[in-house]
Each structure stands twice: as structure tokens, then as C-alpha cells.
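Student: I have a model open here and would like to talk through its pocket and its DNA contacts. Can we start with the pocket?

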Amino acid sequence: MSAASAGVSTYQAIYAVVRRIPRGRVASYGQVAGVAGLANAARQVGYALHALPAGSAVPWHRVLNARGAISLPGYHGVTQRLLLAREGVRFDARSRVDLAQFGWRPRRSPPSGRKGRS
DNA sequence: CTAGTGACCCAAC
DNA sequence: GGTTGGGCCACTA
């Protein structure tokens with residue numbers, strides 16, 4: 001059952017999913033949102049992580065965007081990259097991670113099927 | 001209650 | 001290949 005439907009706050013649900021990400025692996029915002037029960041709420045994952053206090057037990061640095069790149073601006077972005085590098089995650093010349101290898105693959109219903117544009 | 005914003009995502013141009 | 005535009009949901013004012 002999804003943490004969101006378990007009566008837990010949205011933030012807590014997101015944090016719970018991020019906390020499940022194994023070391024040396026990365027997940028996308030949309031993927032975390034899907035597992036957390038917020039299928040199309042990838043933005044809220046970023047919003048929740050943005051509100052995440054420093055020093056928390058949540059490995060927020062393992063969360064990247066759908067392209068495997070860091071969306072975080074400035075200082076935090078560099079910090080995230082260093083933390084991932086410390087866990088063995090390699091970035092390519094374009095500062096992107098190979099999701100085919102480092103991407104986290106939970107057994108949940110993957111968020112697929114979007115409308116996009118008219 | 002409405003309006004604005006965002007560490008996003010996807011499809012079309 | 002990069003750029004543009006729209007849409008989703010949750011939170012704050």
C-alpha cells in the first residue's frame with residue numbers, strides 16, 4: 001500500500017521512498033512520486049526535498065530528474081554530485097548519470113502514460 | 001475560498 | 001539535437 005494512502009503526510013511519504021533508495025543508486029523525481037503514491041506529482045517531490053532540513057536521514061542526493069541530471073542550482077548541486085560520487089555513482093561529460101545502470105528499479109507500478117501537449 | 005510558484009515531465013516544434 | 005509549451009499536484013500567501 002502506498003504510504004500516502006496509509007494516512008501519512010505527503011512529505012513523509014516522499015521521504016520514506018527516498019530513504020528506500022539503496023546506496024550507489026539514483027531515482028528520478030517522477031519515479032519517487034509514483035512509488036510514493038503521487039503519480040504525476042514529480043514537482044512535489046522536488047518541493048518536499050527543497051523543504052527538507054539539512055542533516056536529515058533522507059538521502060536526497062540520490063534523487064535526480066528524469067534525465068539523470070541534477071536540477072539543483074548552485075552549491076547544492078555540486079554537493080549532490082560529490083555525495084553521489086562518494087557512493088560510486090559516475091557522471092558523464094555532460095554531468096549526467098546512466099540511469100540504465102545506476103537507476104533504481106523498485107517493484108512498483110511505473111508512472112507511464114501522460115498527456116503532455118494538446 | 002482563489003492565485004502564484006516550483007530541486008518536474010512529456011510531447012511537439 | 002535543443003527549444004517551446006502545456007499540465008500535473010502540493011504548498012504558501
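**Pocket and DNA strand B**

Tutor: The largest pocket is lined by 16 residues, and L49, H50, W60, L72 and H76 lie nearest its centre. A pocket here is, on a 1 Å grid over the protein atoms alone, an open set of points where a 1.4 Å probe fits, with protein on both sides within 12 Å along at least five of seven lines, and lining residues have an atom within 4 Å of a point. This is a predicted model, where local features need pLDDT of at least 70, side-chain atom pairs count only at pLDDT 80 or more, and totals for chains, interfaces and linings use all residues. Residues are numbered from 1 along each chain, chains are lettered from A, and side-chain values use heavy atoms, without hydrogens and water.

Student: Which element gives the most to the lining of the largest pocket?

Tutor: That is α3, with 3 residues; α3 (42–50) and α4 (74–86) each supply at least two, helices being DSSP runs of H or I with at least four residues, numbered from the N terminus.

Student: Switching to the DNA, which residues are closest to strand B?

Tutor: Q44, L49, H50, S71 and L72 are the closest of the 16 residues that surround DNA strand B, where near means a heavy atom within 4 Å.

Student: And which side chains have a polar atom by a base nitrogen?

Tutor: A polar side-chain atom of R43 lies 2.7 Å from a base nitrogen of DNA strand B, and one of Y29 lies 3.1 Å from a base nitrogen.

How values were computed
Polar contact = N/O pair within 3.5 Å; in protein donor to acceptor, adjacent residues only side chain to side chain.
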